Amino acid sequence: MKRQWWFLVGMVALGLMLGSSQGNWESLAGPPNLTRDNIQLPPAVRYPLPPSLAKIPRQGEDYFEAVQPVDVGYLLWTQFPVTVAIDPPQWDPNHVWQAAAVQAVAEWSVYLPLEIVDPGRPANIRLLSQRPTDQNHRRARFAETSYELFVDSQGVLRHRCRVVVRPSQAAKFVLGALRHELGHALGIWGHSPLPTDALYFAQVADPPPISQRDANTLRRVYEQPTRLGQRLSELTPHG
Ligand SMILES: [Zn+2]
């Protein structure tokens, strides 16, 4: 029987807000509703640590306690390389945005196998140069990462991410935002309290590179159990 892909849930997003007198902040949206289709979720399992993360010594600081599991467990990738599509920006003077996207992917590639694929192909993570839509907040969003869960043609629970970063900014802020949001898309679903980390909750004057704390946190995320990558025991297709 040929199954079609179908979505389990709506969109969940982490967004970086633009300036205000209170300082920038991001908010974590509520968990998706996985029960509405009477779906029997697969059990959460731990996967072997990717070699690039296993190399990181199990010591040193992290901010793992700030990372939120979602309904399906931790939001980590279970197949590698993780494919990243960079949608060509409509407006990108001197290719600033495109270059920043390629660099952000290269920086995280130190820690996880990533592969840039043709933007016309399906991808695990899609990077878009757009003005994020702002439905629930009055302040303009600067960048946003969201994910969707779906069941693939083999009946396996999977997710995909969408990263949106505004084009009209200085190069260092575009790169800082793409680096930060890619960190969310790779599994750090939360924020660091320190401005020296790429996953700090606010935009800073000089966005820092990926820190040792960021890397330590990512390693700990990939040590956690998740339901992603597992077959659903009983699938109840729509219709
Ligand atoms: Zn964030």
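Here's a quick tour of the core, one buried cysteine and a few backbone oddities in this structure. It's a predicted model, where local features need pLDDT of at least 70, side-chain atom pairs count only at pLDDT 80 or more, and totals for chains, interfaces and linings use all residues. Residues are numbered from 1 along each chain as its sequence is written, and side-chain values use heavy atoms, leaving out hydrogens and water.

**The core**
- The largest nonpolar core (buried Ala, Val, Leu, Ile, Met, Phe, Trp, Tyr and Cys residues joined through side-chain atoms within 4.5 Å) has 53 residues.
- W108, I125, L127, L178, L218 and Y222 touch the most other members.
- Elements giving two or more residues to this core include β5 (125–129) and α3 (171–185); helices (H or I, at least four residues) and strands (E, at least two) are DSSP runs, numbered from the N terminus.
- L127 is in contact (heavy atoms within 4.5 Å) with residues including V84, W97, V163 and L178, not counting residues up to four places away in sequence.

**C161**
- You'll find C161 in strand β7.
- C161 is buried, at 3% relative accessible area; buried means under 20%, exposed over 50%, and partly exposed in between (1.4 Å probe, protein chains only).
- C161 and E148 sit 13 residues apart in sequence and 6.5 Å apart in space, C-alpha to C-alpha.

**Backbone oddities**
- The peptide bond from F80 to P81 is cis, with omega near 0°.
- N94 isn't a glycine, yet has a positive phi of about 60°, and is exposed at 72%.
- H95, in the loop between β3 and α2, has a positive phi near 55° and is exposed at 58%.
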